[in-house]
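Trainee: I've got a fresh model open and would like to talk it through with you. Can we put it up and go piece by piece?

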Amino acid sequence: MSMPIESMLLAVNSNFLVFFVSSDDMMGQSFASLVPTVAAVESAIGLAIFVITFRV
């Protein structure tokens with residue numbers, strides 16, 4: 001369930017990066033660096049849910 005969401009986030013992130021690099025906007029580039037952080041948190045939460053489910 002979370003893999004399609006993560007792939008959409010990465011696709012939007014690449015669009016953000018291309019747009020903001022072409023317009024020389026550093027604020028947009030720093031905003032685009034937050035998307036991998038959100039993806040990592042999403043993966044960690046999914047792993048935690050899996051481990052809790054497996055233990056029960």
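Trainee: Which residues does Asn 13 touch, leaving out those up to four places away in sequence?
Mentor: Keep in mind that this is a predicted model. Asn 13 sits in helix H1, residues 2–22, and at 7% relative accessibility it counts as buried. Leaving out residues up to four places away in sequence, its contacts are Ala 32, Val 35 and Pro 36.

Trainee: And Leu 10, how far is it from Pro 36 in space?
Mentor: Leu 10 is in helix H1 too, and its 44% relative accessibility makes it partly exposed. Along the sequence, Leu 10 and Pro 36 are 26 residues apart. From C-alpha to C-alpha, though, the distance in space is 7.6 Å.

Trainee: What about the whole chain: what order do its elements run in, from the N terminus on?
Mentor: Count the elements to begin with: the protein chain has 3 helices and 0 strands. From the N terminus on, that reads α-α-α.

Trainee: What is the radius of gyration of the protein chain, and why does it say the chain is more spread out than a compact globule?
Mentor: For 56 residues the globule rule gives 10 Å, and the value here is well over that, so the chain is more spread out than a compact globule. The C-alpha trace spans about 50 × 20 × 5 Å along its principal axes, and 14% of the 56 residues count as buried. The radius of gyration itself is 15 Å.

Trainee: Now H3. How far apart are its end C-alpha atoms, and what span should its residues give?
Mentor: H3 covers residues 34–55, which makes 22 residues at 1.5 Å a residue. That should span 32 Å, and the end C-alpha atoms agree, being apart by 32 Å.

Trainee: Which residues of H3 are buried, and within what arc do they fall?
Mentor: The buried ones are Val 35, Ala 39 and Glu 42. An α-helix has 3.6 residues a turn, so residues three or four places apart point the same way. On the other side of H3, Leu 47, Ile 52 and Arg 55 are exposed. Looking down the axis of H3, the buried residues line one face of the helix because they fall within an arc of 60°.

Trainee: Where does UniProt place its "transmembrane region"?
Mentor: Treat this one as a record from an unreviewed entry. In the model, the span it names is 95% helix and 0% strand, with its end C-alpha atoms 33 Å apart. UniProt's placement is residues 33–54.

Trainee: Is Val 38 buried, partly exposed or exposed, and how far is it from Asp 25 in space?
Mentor: Val 38 has its place in helix H3, and 47% relative accessibility makes it partly exposed. Asp 25 is 13 residues away from Val 38 in sequence. In space, C-alpha to C-alpha, the two are apart by 21 Å.

Trainee: Then Ser 43: what separates its C-alpha atom from that of Val 18?
Mentor: Ser 43 is another residue of helix H3, partly exposed with a relative accessible area of 38%. Val 18 and Ser 43 are 25 residues apart along the chain. The separation of their C-alpha atoms is 25 Å.

Trainee: On to the aromatics. How many aromatic pairs does a search of the whole structure find, and is Phe 19 with Phe 20 stacked or edge-to-face?
Mentor: The search gives 3 aromatic pairs. For Phe 19 and Phe 20, the ring centres are 5.3 Å apart and the planes stand at 65°, so the pair is edge-to-face.

Trainee: Of Phe 19 and Phe 20, which is buried and which is exposed? And what cluster do ring pairs link them into?
Mentor: Phe 19 has a relative accessible area of 51%, so it is exposed. Phe 20 comes out at 14%, so it is buried. The cluster linked by ring pairs is Phe 16, Phe 19 and Phe 20.

Trainee: And Phe 50 with Phe 54: stacked or edge-to-face?
Mentor: Being 4 residues apart in helix H3, Phe 50 and Phe 54 are separated by about one helical turn. Both Phe 50 and Phe 54 are exposed. Their ring centres lie 6.3 Å apart with the planes at 15°, so the pair is stacked.

Note on methods: Residues numbered from 1 in each chain as written. Predicted model: local features only at pLDDT ≥ 70, side-chain atom pairs only at ≥ 80, totals over all residues. Heavy atoms only, no water. Helix = DSSP H or I, 4+ residues; strand = E, 2+ residues; numbered from the N terminus. Buried < 20%, exposed > 50% of the residue type's maximum accessible area, 1.4 Å probe, protein only. Expected span 1.5 Å × (residues − 1). Arc of directions from axis to C-beta. UniProt positions renumbered as here; feature names shortened; annotations may be inferred. Phe/Tyr/Trp six-rings, centres within 6.5 Å; stacked < 30°, edge-to-face > 60°. Contact = heavy atoms within 4.5 Å. Rg over C-alpha atoms; globule rule 2.2 N^0.38 Å.
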